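Work through the exercises below with the model open beside you. Try each task before you read its solution.

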Amino acid sequence: MDSDEFRHWSHKAADWGANYRTTLRHRPVRAQTTPGDIARQIDDAAPERGEPMEAIFADFERIIPDGMTHWQHPRFFAYFPANAAPVSVVADYLVTSIAAQCMLWQTSPAATELETKVVDWLRQALGLPAGVSGVIQDSASTATLAAVLVMRERALGWMGNKEGLAAHTAVRVYASAQAHTSIDRAIWVAGIGEANLVRIPTKGDLHGMDPEALDVAIRADITAGLTPAGVIACTGGTSIGACDPIAAVAEVVKRHGLYLHVDAAWAGSAMICPEFRTLWDGVEAADSIVFNPHKWLGAQFDCSVQFMRNPGEQARTLAIQPEYLKTHGHDGVINFSEWTVPLGRRFRALKLWFLLRYHGLEGLRTMIRNHVAWSVELAEKLAAEPDFEIVSAPVLSLFSFRHKAPGDPDRHNIALVNAINDDGRIYLTQTRVDGAIAIRFQAGQFEMTREDAETAFAVITEIARQTT
Ligand code: PLP
């Protein structure tokens, strides 16, 4: 592709993107396709000869958008959001054009230095203490894996990587049943084994880990000759927004000299609003904290920030410096790939820089406060309906509810979610609370308005009554 063509098709892509965003409201939120619909329209092998861009672009427009669930749709209330504010998309166009591999300072000085700056902007915005450093990872799963590897190494006297786990007594990690499955996977991948992920019971309205039960479990493991390594606490669990009492958990962790990682993948964004920080009181004691600006804050996926009190421990666990990766003559620079499991890295800081400068923290706070308020309003309206019950009260902008109808409640509520999503005006997903199905609602999409929450109420109540 020559540069004129590159310019032409880049403009075309930008125009397409702007039109897509402005027409999103008129599309069904969840893809209305059935499995195989899209695959049937794609050739079975790559062409031997190149094709004209006109044909490729036309096929894109014909096949792909209608085969997508629209995560940027203002009435996307499922899972958690993956907000890509337009300004962060613009930044990512630039990153895509530069297309640097940002593994070392030398391969990308501006990316490295900007990353240090914007991560520190976020540290301040979240109210975390000076001296905490951070790195941008692809996902919370990767950040949690890195934290688990560090807690494992620290507990094994930094010998696990060298000797393997067979040379040691079992490493034990503690989390509540509300913790995200990325924790299970980190435990698998770190070789610790699921049997050594100890589930601590929860209590209270926020379904938080019971610190006394945590203490008892750690003591029992020590007595049994096992090796407690660390605790993974959550602020804003995925299912119903569970929040562990971080300060009390941190005290237990400190007492036993363990490592504390806090998973605030979703709720972390809300901590730019001081009034929500009570949900993670005591977080400054954590060794590591992860939150995803690619969820609520608006940084185009992927963008997950891991804060660390002592990044040297993470580098000690993960850094490898063969001669071909050394940078001679620039001692003291940060090579962020030494803080992460993958070597290769995208330039993720630019979209954060654009996002934070364009909207300002106050603009982002207003968005988050609105989402929380609209979600609470919707929960109150549903609670006032005789045939609905609130299953878990709003934590920030997430709550769950159930429609009461004759017959099997699980089957009815799953059928209701499916009917709502087939309708297409809004998109919701379900979860299980105390063994029974509940429907999740979270408000968080960047372009959402109060009218969208009102539409959600209208659609939920209308379709519930049709399916009864
Ligand atoms: N932790 C929590 C609380 C989450 O809700 C999620 C995803 O929704 C994750 C971790 C995993 O995030 P990622 O997709 O960035 O790995």
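A salt bridge is a side-chain nitrogen of Lys or Arg within 4 Å of a carboxyl oxygen of Asp or Glu. This is a predicted model: local features need pLDDT of at least 70, side-chain atom pairs count only at pLDDT 80 or more, and totals for chains, interfaces and linings use all residues. Residues are numbered from 1 along each chain as its sequence is written, and side-chain values use heavy atoms, with hydrogens and water left out.

**Exercise 1. A pair across the sequence**

Task: Find the salt-bridge partner of Glu462 and place both residues.

Solution:
- Step 1. Glu462 pairs with Arg425 in a salt bridge, and the closest N and O atoms are 3.0 Å apart.
- Step 2. Glu462 sits in helix α14 (residues 450–466), and Arg425 in the loop between α13 (409–423) and β12, so the pair ties together parts that are 37 residues apart in sequence. Helices (H or I, at least four residues) and strands (E, at least two) are DSSP runs, numbered from the N terminus.
- Step 3. Now check accessibility. Buried means under 20% relative accessible area, exposed over 50%, and partly exposed in between (1.4 Å probe, protein chains only). Glu462 is partly exposed at 34%. Arg425 is partly exposed at 30%.

**Exercise 2. Two more pairs and a network**

Task: Classify the residues of the salt bridges Glu153 with Arg152 and Glu362 with Arg369 as buried, partly exposed or exposed.

Solution:
- Step 1. Recall the principle: side chains of opposite charge can pair when their charged atoms come close.
- Step 2. Take Glu153 and Arg152. Their closest N and O atoms are 2.9 Å apart. Glu153 has a relative accessible area of 2%, so it is buried. Arg152 has 7% relative accessibility, so it too counts as buried.
- Step 3. Take Glu362 and Arg369. The N to O distance is 3.6 Å. Glu362 counts as partly exposed at 47%. Arg369 counts as partly exposed at 30%.
- Step 4. Add the wider count. The structure holds 32 salt bridges. Asp92, Asp302, Arg346, Arg348 and Lys351 are linked in a network of them.

**Exercise 3. The ligand shell**

Task: Describe the residues around the ligand, by proximity, class and secondary structure.

Solution:
- Step 1. Set the cut-off. A residue is near a molecule or strand if one of its heavy atoms lies within 4 Å of it. The ligand has 13 residues around it; Ala140, Ser141, Thr238, Asp263 and Asn292 come nearest.
- Step 2. Sort by class. The shell has three nonpolar, eight polar and two charged residues. Here Ala, Val, Leu, Ile, Met, Phe, Trp, Tyr, Cys and Pro count as nonpolar, Asp, Glu, Lys and Arg as charged, and the others, Gly among them, as polar.
- Step 3. Map to helices. α5 (140–155) and α10 (293–297) each supply at least two shell residues.
- Step 4. List distances from ligand oxygen atoms. A polar side-chain atom of Thr238 is 2.7 Å from one. For a polar side-chain atom of Asn292, the distance is 2.9 Å. For an N or O atom in the side chain of Lys295, it is 3.2 Å.
- Step 5. Quantify burial. Taken alone, the ligand exposes 400 Å², and the protein buries 85% of that. Accessible areas come from the Shrake-Rupley method with a 1.4 Å probe; for residues, only the protein chains shown count as cover.

**Exercise 4. Backbone checks**

Task: Which two residues does the cis peptide bond join, and where do Tyr79 and Asp434 lie?

Solution:
- Step 1. Phe301 and Asp302 are joined by a cis peptide bond, with omega about 5°. Asp302 lies in the loop between α10 and β9 (304–308).
- Step 2. Tyr79 is not a glycine, yet its phi is positive, about 40°. Tyr79 lies in the loop between α2 (53–63) and α3 (86–98). Its relative accessible area is 41%, partly exposed.
- Step 3. Asp434, also not a glycine, has a positive phi near 50°. Asp434 lies in the loop between β12 (429–433) and β13 (436–442). At 77% relative accessibility, Asp434 counts as exposed.

**Exercise 5. Domains**

Task: How far apart are the C-alpha centres of domain 1 and domain 2?

Solution:
- Step 1. Domain 1 covers 3–80 and domain 2 covers 101–346. These bounds come from an automatic or database domain assignment.
- Step 2. The two C-alpha centres lie 36 Å apart.

Definitions and conventions. Polar contact = N/O pair within 3.5 Å; in protein donor to acceptor, adjacent residues only side chain to side chain.
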